[in-house]
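Biologist: I should be grateful for a close look at a single part of this protein. Please begin from one residue and then place it in its wider setting.

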Amino acid sequence: MTVNAGPFPLVLLPGPDTPAADVTRLVRALPAALGAVVLRPGADAAARDLTELADGLVRQVRDAGVTGRFALHGWGTGAHLGLALAGAFERAAGHAVCTTLFVSDAVAPGRAPAHGPLTQAVRRTVTESRLVVCAGPVPGRGLAPWSRHSTSGTEFVTLPPGPRPTALASLIATRLLSTTARAGEPSRVTGATP
């Protein structure tokens with residue numbers, strides 16, 4: 001997938017069960033001012049070591065040409081990986097690099113099934129990134145504990161009925177484009193992602 005050049009990178013982390021068509025529709029619905037970088041963790045992500053996964057994702061983000069601040073959007077297991085990725089960048093830089101983590105289709109890590117090293121380790125992860133937790137017209141259970149994973153606050157948003165990629169793109173653009181103007185630190189996206 002080609003990376004869209006834009007002033008503010010948005011890293012997308014689909015879970016193993018996220019249909020590729022949903023990701024493609026979201027990328028197409030995003031405004032040109034956001035640069036989408038799609039990472040595809042392996043289907044075995046939930047069973048792998050968190051440190052190894054986070055290190056690999058950090059390399060993929062850097063290889064995609066993302067520098068400076070960025071935002072993340074994760075679906076399901078991808079949301080948990082996004083939390084781990086935000087934490088890894090934070091530990092390396094000493095401050096938040098991921099400004100906002102958007103979460104879709106994911107109960108909070110403390111409510112996720114207890115199997116696998118990923119879910120065990122992510123339960124303890126806290127980030128400085130602001131969280132925006134998205135739910136469909138009927139919010140699922142297990143979302144409220146996401147607030148325990150951010151020191152910068154958590155917003156819960158119920159998406160309207162209708163095409164979900166369009167609603168997500170609108171929400172993301174609203175939250176990021178107003179933030180980008182105040183961020184003060186330019187970011188670039190270059191290259192391509194697999």
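In which loop does Thr 18 lie, between which strand and which helix?

Modeller: The model is a predicted one. Thr 18 lies in the loop that runs between strand 1 (8-13) and helix 1 (20-29). Its relative accessibility is 10%, and because buried means under 20%, Thr 18 counts as buried. A polar atom of the Thr 18 side chain lies 3.0 Å from the backbone nitrogen of Gly 15. Leaving aside residues up to four places away in sequence, Thr 18 touches Val 23, Arg 40 and Trp 75.

The elements on either side of this loop come next, beginning with the helix. Within helix 1, Arg 25 and Asp 22 are three residues apart, which means that about one helical turn separates them. Their side chains meet in a salt bridge, with 2.7 Å from N to O. Both partners are partly exposed: Arg 25 has a relative accessibility of 44%, and Asp 22 has a relative accessible area of 28%.

On the other side of the loop, strand 1 belongs to an open sheet of six strands, arranged in the order 2-1-3-4-5-6 with parallel pairing. Strand 2 (34-38) and strand 6 stand at the edges of this sheet; each has a single partner strand, so one side of each is left without a neighbour in the sheet. On average, and with direction ignored, neighbouring strands are turned by 20° against each other. In general terms, strands of a sheet pair through backbone hydrogen bonds, either parallel or antiparallel. Here strand 1 and strand 3 (residues 70-75) run parallel and are joined by four bridges. Leu 12 has His 73 in strand 3 as its bridge partner.

A helix covers this region of the sheet. Helix 3 (residues 77-93) lies across strand 1, strand 3 and strand 4, and runs at about 150° to strand 3. The search for aromatic pairs gives a count of one. In that pair, the ring centres of Phe 70 and Phe 89 are 5.0 Å apart and the planes stand at 70°; because planes over 60 degrees apart count as edge-to-face, the pair is edge-to-face. Phe 70 lies in strand 3 and Phe 89 in helix 3, so the pair ties together parts that are 19 residues apart in sequence. Both rings belong to buried residues: the relative accessible area of Phe 70 is 1%, and Phe 89 has a relative accessibility of 8%.

The remaining salt bridges may be set beside the one in helix 1. The whole structure contains four salt bridges. One of them joins the side chains of Arg 164 and Asp 105, at 2.6 Å from N to O. Arg 164 lies in helix 5 (residues 164-183), whereas Asp 105 lies in the loop between strand 4 (98-104) and helix 4 (117-122), so this pair ties together parts that are 59 residues apart in sequence. Arg 164 counts as partly exposed at 27% relative accessibility, and Asp 105 is partly exposed with a relative accessible area of 47%.

Helix 5 also takes part in a second contact of this kind. The side chains of Arg 175 and Glu 155 meet in a salt bridge of 2.6 Å, N to O. This pair links distant parts of the chain, with Arg 175 in helix 5 and Glu 155 in strand 6 (residues 154-158), 20 residues apart. Glu 155 counts as partly exposed, at 25% relative accessibility. Arg 130 joins Glu 155 and Arg 175 in a network of salt bridges.

Finally, the chain as a whole gives the loop its setting. The protein chain has five helices and six strands, and along the sequence these follow the pattern β-α-β-α-β-α-β-α-β-β-α. Of its 194 residues, 52% are buried, and Thr 18 counts as buried as well. Among contacts between residues at least 6 apart in sequence, 77% join residues at least 24 apart.

Definitions and conventions: Residues numbered from 1 in each chain as written. Predicted model: local features only at pLDDT ≥ 70, side-chain atom pairs only at ≥ 80, totals over all residues. Heavy atoms only, no water. Helix = DSSP H or I, 4+ residues; strand = E, 2+ residues; numbered from the N terminus. Buried < 20%, exposed > 50% of the residue type's maximum accessible area, 1.4 Å probe, protein only. Polar contact = N/O pair within 3.5 Å; in protein donor to acceptor, adjacent residues only side chain to side chain. Contact = heavy atoms within 4.5 Å. Pairing = 2+ DSSP bridges. Axes fitted to C-alpha atoms, helices over the stretch in contact; angles between N-to-C directions. Phe/Tyr/Trp six-rings, centres within 6.5 Å; stacked < 30°, edge-to-face > 60°.
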